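Here are some exercises to work through with the model open beside you. Try each task on your own before you read its solution.

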Amino acid sequence: MKWLTNIFRSKKQSERKIDYFQITSDWNADPVSPEVQLEINGDHLTMEIFVNHLMFDDFDEGDKAKITFQNCSIYSLNHCNDEGYYFGQYRTNPNELPWGEFYEIKRGLDRKFPDPITIVNKETEGKRHYVFFFKDETFECLANDFALELLDKQGNRKRLNYSYKLRPAYNSSEQLIEFVKIGNADRFIEKLLELLSKNGFSFDDMTDVWMNDEVWIHLKSINGKTTITKDIWDMIFILGEQNQIDIQKINHILIDSGEFKKIEVNPEDYKTKENESTIE
């Protein structure tokens with residue numbers, strides 16, 4: 001289950017030389033002319049690039065990604081292009097780190113950046129290591145974190161095509177989260193877990209309900225436990241049962257991320273009539 005092993009370590013992950021998390025799953029740089037623009041603002045480094053509007057339906061020509069590397073200490077925008085990378089001209093290779101994506105490196109790749117190198121803050125070293133492969137260049141930096149904004153050609157922030165409902169369970173006052181439009185389910189859960197892991201949630205356990213071909217991912221926080229469920233039809237829910245605090249917290253996390261649209265619901269729609277007749 002790739003979406004789980006990308007977030008929480010597994011034996012397979014620990015055995016590969018470079019342990020990384022792929023950030024680009026439902027967006028990426030323009031494959032030909034991303035036109036990388038970098039700007040230093042104090043200790044932050046801002047990158048703007050054109051995104052791939054041909055592969056990803058949520059984008060139009062001229063849309064951009066704005067990535068702010070927070071408390072960046074050093075970066076390299078070097079001249080290793082796609083051909084050079086495949087011909088072994090970098091200190092890693094496509095078998096260890098596939099070309100063409102944006103990654104956070106967890107371990108296994110040294111921090112000896114190729115020239116040219118720009119020092120942003122020589123007093124400190126960024127805690128996290130990022131790599132982004134472009135058609136004609138390769139970018140690396142050390143920073144404490146990053147923030148992503150997806151912008152239309154007018155500079156307005158775009159939302160990715162994710163939708164969800166915060167609604168009551170049937171005949172219950174307990175709230176749950178139902179995801180409505182998610183695209184590729186594995187990529188979506190990978191992104192969801194990464195978002196929650198940055199906001200106080202950690203992995204607790206996983207249950208594989210083989211009879212129904214369902215997967216339940218159990219998370220925990222200081223408030224208690226929540227469960228992400230995925231069924232055979234790729235329907236995804238977050239259940240809180242007695243932990244309604246975290247259901248509300250996740251609701252706010254989704255809204256604040258800027259990548260989810262909340263669909264308003266009528267709670268009465270989730271109350272079934274006691275004397276409702278059944279169709280035989």
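**Exercise 1.** Which residue in E6 is the bridge partner of Tyr20?

*Solution.* Keep in mind that you are looking at a predicted model. Start with the two strands: E1 pairs with strand E6, residues 102–107, in the antiparallel sense, and four bridges hold this pairing. Now go to Tyr20 and look across into E6: the bridge partner there is Ile105.

**Exercise 2.** Work out the order of the six strands in the open sheet, and find its edge strands.

*Solution.* Walk across the sheet strand by strand and you get E1-E6-E8-E9-E5-E7, with antiparallel pairing. Next, look for strands that pair on one side only: these are strand E1 (19–22) and strand E7 (117–119), the edge strands. As a last step, check the twist: leaving direction aside, neighbouring strands of this sheet are turned by 20 degrees against each other on average.

**Exercise 3.** Find the largest nonpolar core and say which strands feed it.

*Solution.* The largest nonpolar core has 28 residues. Inside it, Trp27, Phe69, Phe132 and Phe139 have the most contacts. Then trace where the core residues come from: at least two are supplied by each of several strands, including strand E4 (64–70), strand E8 (128–133) and strand E9 (138–143). Don't stop there, though: a second, separate core of 25 residues includes Phe179, Ile189, Ile228 and Ile250.

**Exercise 4.** How are the rings of Phe69 and Phe139 arranged?

*Solution.* First place the two residues: Phe69 sits in strand E4 and Phe139 in strand E9, 70 residues apart, so the pair links distant parts of the chain. Next, take the ring geometry: the centres are 5.3 Å apart and the planes make an angle of 35 degrees, which counts as tilted. Then check accessibility. Phe69 is buried, with a relative accessible area of 0%, and Phe139 is buried at 0% too. Now widen the view. Both rings belong to one aromatic cluster, together with Trp27, Tyr75, Phe102, Tyr130, Phe132, Phe134 and Phe146. Across the whole structure there are 25 aromatic pairs. If you go on to list what Phe69 touches, beyond its neighbours within four places in sequence, you'll find Met47, Tyr130, Cys141 and Phe146 among them.

**Exercise 5.** Is Arg128 buried or exposed, and which side chains does Arg128 make polar contacts with?

*Solution.* Locate Arg128 in strand E8. Its relative accessibility is 19%, and the cut-off for buried is under 20%, so Arg128 counts as buried. For the polar contacts, follow the side chain of Arg128: one contact goes to the side chain of Glu104, at 2.8 Å, and another, of 3.3 Å, joins Arg128 to the side chain of Tyr130. Setting aside neighbours within four places in sequence, the residues in contact with Arg128 include Glu104, Arg111, Asp145 and Lys198.

**Exercise 6.** Which side chain shares a polar contact with that of Thr227?

*Solution.* Begin with the strand: Thr227 is found in E15, residues 224–230. Thr227 is buried, with a relative accessible area of 16%. From its side chain, a polar contact of 3.0 Å leads to the side chain of His218. To finish, gather the residues that Thr227 touches, not counting those up to four places away in sequence: Trp216, Ile217, His218, Phe237, Ile238 and Leu239.

Notes: Residues numbered from 1 in each chain as written. Predicted model: local features only at pLDDT ≥ 70, side-chain atom pairs only at ≥ 80, totals over all residues. Heavy atoms only, no water. Pairing = 2+ DSSP bridges. Axes fitted to C-alpha atoms, helices over the stretch in contact; angles between N-to-C directions. Core = buried A, V, L, I, M, F, W, Y, C linked by side-chain atoms within 4.5 Å. Buried < 20%, exposed > 50% of the residue type's maximum accessible area, 1.4 Å probe, protein only. Contact = heavy atoms within 4.5 Å. Polar contact = N/O pair within 3.5 Å; in protein donor to acceptor, adjacent residues only side chain to side chain. Phe/Tyr/Trp six-rings, centres within 6.5 Å; stacked < 30°, edge-to-face > 60°.
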